[in-house]
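Q: Please take a close look at a single part of this protein and set it in the context of the whole chain. A plain account will do.

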Amino acid sequence: MFTKVNKSDILEGTKIVDTKWVYVIKRKTDSTIEKYKAQKVSRGFTQEAGISYDTDKTYAQMMRPETLKILLVIALHRGWAICQWDVVAAYLQASLHHDVYVSDINEQGEVEYWKLNKALYGLKQAGNEWLKTLQRILHLTGLEQCN
């Protein structure tokens with residue numbers, strides 16, 4: 001997912017993306033605490049367009065709700081089985097095609113630097129990188145994308 005690097009290993013002029021921890025308390029329907037969650041995210045707004053990411057590669061295709069409804073009606077009419085799956089931490093599965101460096105503060109209060117090998121939530125290009133990864137996986141299973 002990432003490789004620790006020294007600041008001297010990062011090329012001069014390379015933008016280092018800040019990170020932060022996001023803490024969430026998940027609650028049950030009766031408002032009791034189910035679990036505590038912590039997630040490291042990048043502060044993507046600190047990325048520089050054209051340097052940290054390609055400006056034309058920040059989108060991820062979405063399906064319109066109407067399209068999904070039409071597909072479900074067709075499947076129902078033809079008696080097809082409908083399958084669905086959820087990919088846990090989907091963005092974290094996507095490889096990056098740019099060198100992205102992030103900074104973090106360790107327990108001793110010192111700044112550490114990391115080169116990301118996989119996408120991190122908050123990066124501008126994370127959605128697009130996951131889309132490319134998913135398309136590659138689906139293509140390997142024999143599926144073809146509609147025009």
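What follows is a look at one helix, H2, and then at the chain around it.

A: The model is a predicted one. Helix H2 covers residues 126–140. With 15 residues at 1.5 Å a residue, H2 should span 21 Å, and because its end C-alpha atoms are 21 Å apart, the expected and computed spans agree.

The buried residues of H2 are Ala126, Gly127, Asn128, Glu129, Trp130, Leu131 and Thr133; buried here means under 20% relative accessible area. The partner of these buried residues is strand E5, residues 95–105, against which they pack. Just after the helix, glycine 142 has a positive phi of about 100°.

As for the chain that holds H2, its secondary structure consists of two helices and six strands. In sequence order the pattern reads β-β-β-β-α-β-β-α, with a helix as the closing element.

The overall dimensions come next. The C-alpha trace spans about 60 × 45 × 25 Å along its principal axes. The radius of gyration of the protein chain is 20 Å, whereas a compact globule of 147 residues would have one near 15 Å. Of the 147 residues, 27% count as buried. The exposed area is about 11200 Å², and carbon and sulfur atoms supply 55% of that area.

Contacts and charges complete the picture. Taking contacts between residues at least 6 apart in sequence, 62% join residues at least 24 apart. The chain carries 20 positive and 17 negative charges, and the mean positions of the two sets are 7 Å apart.

Note on methods: Residues are numbered from 1 along each chain as its sequence is written. This is a predicted model: local features need pLDDT of at least 70, side-chain atom pairs count only at pLDDT 80 or more; totals for chains, interfaces and linings use all residues. Side-chain values use heavy atoms; hydrogens and water are left out. Helices (H or I, at least four residues) and strands (E, at least two) are DSSP runs, numbered from the N terminus. The radius of gyration is taken over C-alpha atoms; the globule rule is 2.2 Å times the number of residues to the power 0.38. Buried means under 20% relative accessible area, exposed over 50%, partly exposed in between (1.4 Å probe, protein chains only). Contact means heavy atoms within 4.5 Å. Accessible areas come from the Shrake-Rupley method with a 1.4 Å probe; for residues, only the protein chains shown count as cover. Lys and Arg count as positive and Asp and Glu as negative; His and the chain ends are not counted. The place of a charge is taken as NZ of Lys, CZ of Arg, CG of Asp or CD of Glu. The expected span of a helix is 1.5 Å times one less than its number of residues.
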